[in-house]
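User: I would like to go through this model with you, step by step. Could we begin with how exposure is defined?

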Amino acid sequence: MMKEKSVAIVLAAGSGSRMKSNTPKQYMDLGGKPVIYYSLYAFEISSIDEVILVVGENEIDYNWEHIVKKYNFTKVSKVIAGGDERYLSVFNGLKAIDYADYVLIHDGARPFITIEILEKVLLSVKEHKACVVGMPSKDTIKISDSNNVITSTPDRKYTWIIQTPQAFSYSIIMGAYSKIIDDISKGLGSNINITDDAMVVEHTSNYPIKLIEGSYLNIKVTTPEDLIIGDIFLKKSLH
Ligand code: CTP
Ligand code: MG
């Protein structure tokens, strides 16, 4: 049998509004290198075959020169423009894939992804066809209404904080995204706030999605304090 091909879509097309910085957070300094360097490095040394990097439409040349060439990321085959929302950036990434059996979607703003987690994801997606990395929630999660009044409390045993990579067979994820984009274009489901890839599959099929443990270190650099935490992780070699 031919070796199955896995392609990663690494997302770096966001504006980083919650970081409140002039430089988009994916290019900010973390231990002497840009935030985006770290996840691309983990993919480079993993057994993933190819990486598609999704960036802001005016940042394609910058990324080729100052990220891909500079750090010699040989697995990056394409640097493409994202869209206005994360899910549109993912869809652009999916459309740019020439061939894949499995697709791993990763937030470029998660620099502490490790090769161990990536290899675990690859094994799991081959077995389950749909899996996402997360960690059991340490805090109790509550659901509120729009007035911030609690409406329910799920059993903490069953609550997870969700990270990336999120990995799927190509047909599941391409099918799910094509359907949701089509629905939205017809005005159906346009009120849903799509914040991860699993929920696209959840909304468009009954396909079971396996949760696999990542790491509490696999944070998303989102607000300024996350860079301080990230510096500590690097200094203590917790990555
Ligand atoms: N992302 C993307 N395209 C978008 C929005 C987000 O590729 N239109 C990427 C971000 O670059 C990031 C990941 O998706 O790697 C997770 O998104 P988030 O942490 O929300 O990043 P931003 O959208 O950039 O930040 P904010 O929501 O604070 O503006
Ligand atoms: Mg965002």
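Analyst: A residue counts as buried under 20% relative accessible area, as exposed over 50%, and as partly exposed in between. Please keep in mind that this is a predicted model.

User: Fine. Which residues of α7 are exposed, then?

Analyst: I228 and K235 are exposed, on the other side of α7 from its buried residues.

User: And which residues of α7 are buried?

Analyst: The buried residues of α7 are D226, L227, G230, F233 and L234. They cover an arc of only 115° around the axis, so they sit on the same side of α7.

User: What covers those buried residues?

Analyst: The cover includes strand β2 (29-30) and helix α1 (35-45).

User: How far does α7 reach, and what is expected?

Analyst: Helix α7 comprises 12 residues, 224-235, and reaches 17 Å from its first C-alpha to its last, close to the 16 Å expected at 1.5 Å a residue. After α7 comes S237, with a positive phi near 55°.

User: Where else is there a positive phi on a residue that is not a glycine?

Analyst: Two further cases are K129, with a phi of about 75°, and N148, with a phi of about 60°. Most residues other than glycine have a negative phi. K129 lies in the loop between α4 (115-128) and β7 (130-136), while N148 is in the loop between β8 (143-144) and β9 (150-152).

User: Why does K129 count as partly exposed and N148 as exposed?

Analyst: K129 has 27% relative accessibility, so it falls in the partly exposed class. N148 has 66% relative accessibility and therefore counts as exposed.

User: Changing topic: what is the volume of the largest pocket, and which residues lie nearest its centre?

Analyst: The volume of the largest pocket is about 1,200 Å³. Its lining has 42 residues, of which R18, K25, R86, D107 and K220 lie nearest the centre. The elements giving two or more residues to this lining are β1 (6-12), α3 (86-95) and β10 (160-169). The largest share, 5 residues, comes from β10.

User: How does the lining divide into nonpolar, polar and charged residues?

Analyst: The lining of the largest pocket has 10 nonpolar, 19 polar and 13 charged residues.

User: Back to the backbone. Which peptide bond is cis, and where is its proline found?

Analyst: The bond from T164 to P165 is cis, with omega near 10°. P165 is found in strand β10, the element that gives the largest share of the pocket lining. Most peptide bonds are trans.

Definitions and conventions
Residues numbered from 1 in each chain as written. Chains lettered and ligands numbered in written order. Predicted model: local features only at pLDDT ≥ 70, side-chain atom pairs only at ≥ 80, totals over all residues. Heavy atoms only, no water. Helix = DSSP H or I, 4+ residues; strand = E, 2+ residues; numbered from the N terminus. Expected span 1.5 Å × (residues − 1). Buried < 20%, exposed > 50% of the residue type's maximum accessible area, 1.4 Å probe, protein only. Arc of directions from axis to C-beta. Contact = heavy atoms within 4.5 Å. 1 Å grid on protein atoms, 1.4 Å probe; cavity = no way out; pocket = protein on both sides within 12 Å on 5 of 7 lines; lining within 4 Å. Points joined across faces, edges and corners; volume = space filled by probe spheres on them. Nonpolar A, V, L, I, M, F, W, Y, C, P; charged D, E, K, R; others polar.
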